[in-house]
Each structure stands twice: as structure tokens, then as C-alpha cells.
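Biologist: Got a minute to go through this one with me? I'd like to start in the core and then work through salt bridges, pockets and the surface.

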Amino acid sequence: MAESVIKVEKISKSFGPVRAVQELSFSVLPAACFGFLGPNGAGKTTMMKMIYGKNTCDRGCRGVMDIFGFDPRSDELAIKNLSGVVPQEDNLDEELNVIQNLMIFARFYNLPGPVARRRITELLEFLELSEKTRSKIRELSGGMKRRLVIARALLNEPRLLILDEPTTGLDPQVRHLIWDKLRHLKRQGTTILLTTHYMEEAFQICDELIIMDKGQAILQGNPRQLLRDNIEPYVLEIMDGQSIDGLVSGDLLDSVRADISHEVSRLYSSQIDDLRRVAAALHSDNYVIRQSNLEDVFLKATGRSLNAAQ
Amino acid sequence: MPPSNARLYPPLWRRLYSVWFRHMRVYTRHLISNGFPPFLEPLIFLGGIGLGLGDYIGKMDNMPYLEYLATGLLCTAAMWTAAFECSYGTFIRLEFEKVYDGMLAAPITAENLIVGEILWAGTKGVFFSFAVLCVLSLFGILRLPNALIAPFVGFLTGTMFGALSLLITSYVKTINHFNFYMTGLLSPMFFFSGVVFPISKLPPAVYPFAQLLPLTHSVRLLRAVYLVEFDLLLFWNAAYIVIFITLIGFFAVKRLKKRLIN
């Protein structure tokens with residue numbers, strides 16, 4: 001088994017009274033995609049920023065942070081030199097056009113001119129932005145800006161790619177395009193850290209993930225494994241707030257778990273036939289039986305109520 | 001095993017240079033709108049003062065008044081540009097455009113970023129005093145080669161006001177707060193630093209305060225070189241400038257860093 005390239009042990013971070021990250025530990029294998037999943041305010045972004053030194057961990061925090069052999073507290077520049085960062089907000093330089101944005105960044109990495117130009121041409125092609133080389137940033141769509149930020153993060157051929165909600169607010173085509181590119185990079189050996197609140201995204205590209213809530217890890221593991229271990233495989237969703245009183249009774253009480261909310265009631269079971277029996281007894285056909293997914297795990301793990309940050 | 005080439009990040013001077021270069025690149029992108037006004041301003045001054053006020057005031061401190069004012073203007077041009085760049089400019093990059101967040105993802109530290117910013121303010125000081133120098137010597141108001149000291153003092157002035165403005169910016173919560181800085185500090189400095197009249201004419205109670213203002217020292221330094229009249233007090237002026245840049249720069253870096261790295 002390969003040795004981990006990122007080791008984080010018992011790292012904490014508070015902002016005033018808010019404990020954003022509490023004694024978080026995880027490790028990441030080379031060329032793996034590691035995901036942080038959680039509601040807004042769970043501490044995902046803070047953890048990512050601590051890795052490249054944009055946030056500092058608590059004073060007196062004794063935890064371990066080993067990023068490719070470097071500690072961000074003392075070797076910030078080495079970590080930044082081997083990483084590419086795609087922050088949550090597209091912080092492109094609006095005063096410069098597409099190619100100038102990339103050329104300026106290439107200078108930050110000290111890439112010689114010809115190398116930078118070659119690399120930029122490749123990356124614009126890779127992210128399907130070649131036609132936009134001379135466009136102003138303002139003229140780009142949300143999806144193009146996102147791809148440009150990813151291109152910028154890839155300039156120095158990073159071993160570690162840090163992506164904070166890379167596809168939030170993008171349409172499905174762009175999202176799938178970005179996922180394809182990330183899979184491609186992973187195959188080439190890039191290690192990827194990613195935060196998201198799309199379960200689909202986590203399921204599609206993460207080899208391992210942490211479900212976080214209120215700064216703590218709630219569940220951790222391979223997405224399929226998490227699904228297998230933490231949730232029944234089938235769900236019956238009953239819409240329109242139909243009453244399910246009396247539907248689950250007798251032997252079904254043992255095999256069916258109910259999660260009732262105002263509008264939608266969800267019944268979970270490992271036996272699809274049990275759910276079909278319940279559905280047959282409903283008065284309306286406004287229901288669906290489907291396989292459970294990470295979203296169900298997530299909601300089960302974090303609870304349905306909203307926290308203050310959401 | 002750490003990757004062997006990770007520590008091959010750009011050396012310090014390279015990092016500072018790349019921050020400076022970013023600002024240079026953005027500034028020179030709009031060469032007409034950014035490069036023309038610095039030349040226009042002294043022309044306006046020439047028209048306004050030369051055609052009107054100049055006739056009424058003959059000499060100031062044994063210099064023709066126009067020339068006296070012109071030597072002061074070499075410094076105030078640098079002051080204004082550096083002050084605007086590192087107050088409104090920095091605040092916009094920090095809070096609205098989020099440019100620094102992007103830059104800090106590259107191998108650049110917050111300290112590099114802030115020092116690069118101060119050096120850029122110094123550079124703008126050079127450019128703006130140079131513009132005033134060109135126009136006013138073309139019209140024969142400033143004497144050459146004496147006036148060639150201007151870009152050098154412009155750099156010192158720009159650096160001083162770059163550092164000071166960044167320190168102010170580190171306290172500012174909304175962009176409107178800069179109004180206090182502009183009207184409360186910079187405008188009085190324009191009038192009470194020996195630019196328009198000698199500070200020796202100030203009431204004795206006010207005089208020491210004028211000695212505390214940074215602009216006083218750059219104006220005095222510049223006039224001394226321009227007139228080739230040296231005295232021991234110049235050491236105080238030079239020392240003030242060096243200490244001011246070091247001390248204010250240190251606190252600007254320390255405080256602004258807290259806004260960049262949380």
C-alpha cells in the first residue's frame with residue numbers, strides 16, 4: 001500500500017467563539033481524490049485553506065499537518081509551489097484578459113516565457129477555452145471563468161490540486177466536463193482535495209470522503225462503502241405530505257425505517273418488496289421507489305434541521 | 001519523502017518583482033487614461049497659477065514663486081498617486097476584486113504581497129514626479145539638471161505614502177472611511193508642509209507639528225538638492241524618511257497581513 005502524501009492529525013481552528021474545525025484528522029493517498037462533504041459552515045473551506053496557509057490553525061494547536069513532507073506553518077511557499085488552488089470565489093484579475101491572467105500567474109511561478117506560453121496553450125485547449133484567449137474576464141460565462149481558474153491552478157503542473165466547490169452554480173454540461181478533466185488529472189497522478197455539497201459529485205470522483213458537520217468529521221470512507229454501511233439500499237419517497245399512519249405495521253416495523261418530514265416522507269428498507277407493499281397500500285401514485293444515495297446518508301448523518309450558517 | 005523540486009520556489013526578489021509586475025501590467029494596460037493625466041495636471045497648475053496668482057506673488061523664500069511651488073509639486077504629485085493607489089486601490093483589490101486571494105494561492109507570502117505593493121507605490125511616485133518634471137522644465141520653470149533629483153525623491157515620497165496608506169487601509173472597514181484620510185490628513189499636508197509657503201512662517205505653536213509631517217521632509221530634501229544648499233538639518237530629513245518607511249512599513253505589513261491570512 002502506498003504511503004499517504006497528506007497527513008492531518010487533530011487540527012483545530014476557531015474564529016472567535018466559533019469552532020470552525022475541531023480536531024480533524026485524515027490522510028490522503030497519492031493520486032487519490034479526497035472529498036470534504038458537508039453543509040455550509042461545516043468547516044470544509046477552512047480546512048482547505050489551512051493546507052495552503054491562507055488560514056492558520058489555532059495558536060498552540062499541536063496537531064500534525066504534513067503536506068507532501070511540508071508543514072504549512074513553516075513551509076508555506078513549498079506547498080504553494082507544488083499545489084494549484086481553485087478557491088470558492090473566482091478571483092480572476094478583471095483588469096486583465098484571459099491570457100494576461102495566465103501570463104501573470106506564470107510569472108508568480110517563475111516559469112520562463114516560452115514554457116509559460118506553451119503550457120498556457122495546452123491548458124486552454126485542455127479546458128476548451130482556446131477561442132477565448134483574448135477575451136475580457138467580464139465577457140466569460142460562469143462556467144468559463146471556473147474553467148479558467150482551474151487552468152490557472154494547473155499552470156505549475158501541481159502534484160496537489162485543491163478545489164473548493166469547483167462546480168457550484170454551474171450547468172450540468174460544464175459540471176460533467178470538469179469531472180472528466182479531474183478524472184483525467186487523477187489518472188496522470190495528481191492528488192486532488194475537493195469540497196462540495198453535491199453528493200453526486202462526491203460519488204462520481206472521490207475515492208474517499210469525509211462528511212463534516214460543525215467542524216467535525218461524522219463519517220469517513222469510500223463513497224460506496226459509506227453507502228453500504230450507513231443506509232438501507234432502497235427508499236420509498238411519498239410526496240404531498242400523504243399520511244403514512246398505519247401503513248407500516250406488523251412485520252414491516254422491523255424492516256422499514258421511516259423518516260417523516262412535512263412534505264415528503266421517506267421509508268428506508270433493505271427489502272425492496274417491503275417498500276412495494278407499503279406503496280401498494282397508498283391512496284395516490286405520487287410516490288417513487290429508488291436506490292438510496294449519498295444524499296440520504298448525508299441527511300441521516302447531519303440531521304435535517306438547518307444550522308445558523310446555512 | 002518531500003518532492004525535491006518543491007523548495008525551488010522563486011527567490012524573494014523574484015516574488016517581489018512579480019507582485020510589482022502585476023501592478024505595472026494592469027497600469028500600463030490603459031496607457032492613455034493612466035499615462036496622460038500626470039502630464040496634464042502640471043499644465044493645469046501652470047495655467048492656474050502662472051497666468052493668475054503668479055503675478056501677485058513675486059518671491060517666496062528667495063525663489064520665484066512659480067519655481068518655489070513647482071519644486072513642491074514634484075513631491076505632492078508622488079504623494080497623491082501613492083496615497084490613492086494604496087488606499088482606494090488596495091481596498092478594492094482586497095475587498096471587491098479579491099485579487100490578493102488569487103495571488104496568495106501562488107508561491108507568494110502575504111509579506112511579499114504588501115512589500116511589493118509599497119514598492120509599486122514608490123514606482124508610481126517616480127513616474128508622477130517625472131511627469132511634473134518634464135512639463136515644468138519644458139516651460140522653463142524648473143532648472144535642469146538640478147531638477148533631475150525629482151524622480152528619486154518621488155520614489156521616497158511614494159514609498160512613504162504607500163506604507164502610510166496601507167497602514168490606514170488596514171483599519172478601514174468601508175471604503176468611505178478614506179474620506180477622513182484624504183480630507184483630514186493629506187489635504188492639510190499639502191498646505192502645511194512647505195509646498196505653498198515655508199513652514200517657518202507658521203505660528204511657533206504649530207511649527208513642530210509641521211515637522212512631524214512626512215511631506216515636509218521630502219519637500220525640504222528636494223529643494224536643498226535643487227538649490228544646492230546643504231545644511232546639517234538634511235540629515236534629520238533623510239533619517240526621518242528612512243525611519244518612517246521602515247517603521248510604518250513594518251506596522252502596515254503586520255496589520256494588513258491579518259486581513260489576508262486569518
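Biologist: Leu160(A) first: buried or exposed?
Modeller: Leu160(A) is buried, because its relative accessible area is 0%. Keep in mind that this is a predicted model.

Biologist: Which element does Leu160(A) lie in?
Modeller: Leu160(A) is part of strand E6 of chain A. Its C-alpha atom is 9.7 Å from that of Asn81(A), and the two residues are 79 apart along the chain.

Biologist: OK, salt bridges. How many are there over all chains?
Modeller: A search of the whole structure gives 25. One of them joins Lys186(A) and Asp207(A), with 3.4 Å between the closest N and O atoms.

Biologist: Where do those two sit in chain A?
Modeller: Lys186(A) is in helix H6 (residues 172-187), while Asp207(A) is in the loop between helix H7 (199-205) and strand E8 (208-213). They are 21 residues apart, and the pair links distant parts of the chain.

Biologist: And why does Asp207(A) count as partly exposed?
Modeller: Because its relative accessible area is 32%, and partly exposed covers the range between under 20% and over 50%.

Biologist: What about Asp213(A), who's the partner there?
Modeller: Lys214(A), with the closest N and O atoms 3.6 Å apart. Asp213(A) counts as buried at 10% relative accessibility, whereas Lys214(A) is exposed at 52%.

Biologist: Which residues are linked in a network of salt bridges?
Modeller: Glu237(A), Arg266(A), Arg290(A) and Asp296(A). Within that group, Asp296(A) bridges to Arg290(A) with the closest N and O atoms 2.9 Å apart. Asp296(A) is buried at 2% relative accessibility, and Arg290(A) is partly exposed at 22%.

Biologist: Switching to pockets. What volume does the largest pocket have?
Modeller: About 690 Å³. It is lined by 36 residues, and the closest to its centre are Thr45(A), Lys49(A), Gln88(A), Glu89(A) and Asp164(A).

Biologist: Which elements give two or more residues to that lining?
Modeller: From chain A, strand E2 (18-28), helix H1 (44-51), strand E5 (83-86) and strand E6 (160-164); from chain B, helix H4 (65-96) and helix H11 (233-260). H1(A) gives the most, with five residues. By type, the lining of the largest pocket has 14 nonpolar, ten polar and twelve charged residues.

Biologist: And the second largest pocket, what's closest to its centre?
Modeller: Gly53(A), Thr56(A), Arg73(A), Lys257(B) and Ile261(B), out of 22 lining residues. Helix H2 (76-82) of chain A plus helix H6 (110-138) and H11 of chain B each give two or more of the lining residues. The second largest pocket holds about 540 Å³ of space, and its lining divides into eight nonpolar, five polar and nine charged residues.

Biologist: How many cavities of 30 Å³ or more turn up?
Modeller: Three. The largest cavity has a volume of about 70 Å³. Residues from both chains line the largest cavity, among them Phe105(A), Arg152(A), Arg22(B) and Met103(B). H3(A) supplies the largest share of that lining, four residues.

Biologist: Last thing, the surface. Which residues form the nonpolar patch?
Modeller: Ile32(B), Phe36(B), Leu40(B), Leu43(B), Ile44(B), Leu138(B) and Phe139(B), with about 780 Å² of accessible area together. Helix H3 (residues 37-52) of chain B gives the most, three residues.

Biologist: Where does Ile32(B) lie?
Modeller: Ile32(B) is in helix H2 (residues 31-35) of chain B. At 70% relative accessibility, Ile32(B) counts as exposed.

Note on methods. Residues numbered from 1 in each chain as written. Chains lettered and ligands numbered in written order. Predicted model: local features only at pLDDT ≥ 70, side-chain atom pairs only at ≥ 80, totals over all residues. Heavy atoms only, no water. 1 Å grid on protein atoms, 1.4 Å probe; cavity = no way out; pocket = protein on both sides within 12 Å on 5 of 7 lines; lining within 4 Å. Points joined across faces, edges and corners; volume = space filled by probe spheres on them. Patch = residues over 30% accessible without salt bridge, like charges linked within 9 Å, V, L, I, M, F, W, Y side chains within 5 Å. Areas by Shrake-Rupley, 256 points an atom, 1.4 Å probe, with all protein chains shown as cover. Salt bridge = Lys/Arg side-chain N within 4 Å of Asp/Glu carboxyl O. Buried < 20%, exposed > 50% of the residue type's maximum accessible area, 1.4 Å probe, protein only. Nonpolar A, V, L, I, M, F, W, Y, C, P; charged D, E, K, R; others polar.
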